[in-house]
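Thank you for making the time this morning. I would like to walk you through one structure, beginning with its overall layout and then turning to its packing and its charged pairs.

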Amino acid sequence: MRRRHGARTGCSVERKGQRKGEKDMGPALMEIMEPELRQAEDRGREAGMREGMREGMREGIRGTVNVLRGLGLEREQIREAVMRQYGLTELETTMYL
């Protein structure tokens, strides 16, 4: 039998419209903490978006390198094209070659 939440399991369950652990905080404390909790959520969301964008850029660069290789371009030509297209340094570009 699965336990959903409680003191014995030591875990809490999010309810619709409620943050994890909110049930135990009480209305007065929630009112005080609400701005900080929203800021923390916003920071986490923004950090996740930045990481997603970085990963997307890495995938795009790897794809570009693969396409240029498939077209038979030399390593130096690929390096120059990637540096120019993505604004990378020579060292940064070398990681993708």
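**Walking through the model**

If we read along the sequence, the protein follows the pattern α-α-α, and I should say straight away that what you are looking at is a predicted model. The secondary structure comes to 3 helices and 0 strands. Of the 97 residues of the protein, 14% count as buried. As for how the chain meets itself, if we take the contacts with a separation of 6 or more, residues 24 or more positions apart account for 21% of them.

Let me start with the packing of helices α1 and α2. Two packed helices are described by the angle between their axes and the distance between the axes. Here α1 and α2 pack at an angle of about 145°, and their axes are 10 Å apart, while the crossing of the two is right-handed. Which residues make the contact? From α1 they are Met57, Gly60, Ile61, Thr64, Val65, Leu68 and Arg69, and from α2 they are Ile78, Ala81, Val82 and Tyr86. Sorted by class, this contact of α1 with α2 has 8 nonpolar, 2 polar and 1 charged residues.

That brings me to the nonpolar core. In soluble globular proteins, nonpolar side chains tend to be buried together. In this model the largest nonpolar core has 9 residues in all, namely Ile61, Val65, Leu68, Ile78, Ala81, Val82, Leu88, Tyr96 and Leu97. The elements that give two or more residues to this core are α1 and α2.

I would like to pause on one member of that core, Ile61, which has its place in helix α1. Is Ile61 buried or exposed? With a relative accessible area of 1%, Ile61 is buried, because the limit for that word is under 20%. If we set aside residues up to four places away in sequence, Ile61 touches Val82, Tyr86, Leu88 and Tyr96. One of these pairs is worth following on the screen: Ile61 and Val82 are 21 residues apart in sequence, and from C-alpha to C-alpha they are 7.3 Å apart in space.

Now please turn to helix α3, where Thr93 is found. Thr93 is buried, with a relative accessible area of 0%. Not counting residues up to four places away in sequence, Thr93 touches Arg79, Val82, Met83 and Leu88. One of those partners, Arg79, lies in helix α2, and Arg79 too counts as buried, with a relative accessible area of 13%. Leaving aside its neighbours within four places in sequence, Arg79 is in contact with Glu90, Thr93 and Leu97.

The contact between Arg79 and Glu90 leads me to the charged pairs. Side chains of opposite charge can pair when their charged atoms come close. How many salt bridges does the structure hold? The structure holds 8 salt bridges, and I will take you through some of them.

The bridge between Glu90 and Arg79 has its closest N and O atoms 4.0 Å apart. This pair links distant parts of the chain, with Glu90 in helix α3 (residues 90–94) and Arg79 in helix α2 (residues 75–86), 11 residues apart. Glu90 is partly exposed, with a relative accessible area of 48%, whereas Arg79, at 13%, counts as buried.

Salt bridges that share partners also join Glu51, Arg54, Glu55, Arg58 and Arg62 into one network. Within that list, the side chains of Glu55 and Arg62 meet in a salt bridge at 3.2 Å, N to O. Glu55 counts as partly exposed at 28% relative accessibility, and Arg62 likewise counts as partly exposed, at 37%.

A further bridge joins Glu34 and Arg38, with the closest N and O atoms 2.9 Å apart. Both residues lie in helix α1 (residues 27–70), and they are 4 residues apart, which is about one turn of the helix. Arg38 is partly exposed, with a relative accessible area of 48%.

To close, I would ask you to keep two views in mind: α1 and α2 packing at an angle of about 145°, and the salt bridge of Glu90 with Arg79, a pair that links helix α3 with helix α2.

Terms used: Residues are numbered from 1 along each chain as its sequence is written. This is a predicted model: local features need pLDDT of at least 70, side-chain atom pairs count only at pLDDT 80 or more; totals for chains, interfaces and linings use all residues. Side-chain values use heavy atoms; hydrogens and water are left out. Buried means under 20% relative accessible area, exposed over 50%, partly exposed in between (1.4 Å probe, protein chains only). Axes are lines fitted to C-alpha atoms, for helices over the stretch in contact, and angles run from 0 to 180 degrees between N-to-C directions. A crossing is left-handed if the near helix is turned anticlockwise from the far one by less than a right angle, and right-handed if clockwise. Contact means heavy atoms within 4.5 Å. Ala, Val, Leu, Ile, Met, Phe, Trp, Tyr, Cys and Pro count as nonpolar, Asp, Glu, Lys and Arg as charged, and the others, Gly among them, as polar. A nonpolar core is a set of buried Ala, Val, Leu, Ile, Met, Phe, Trp, Tyr and Cys residues joined through side-chain atoms within 4.5 Å.
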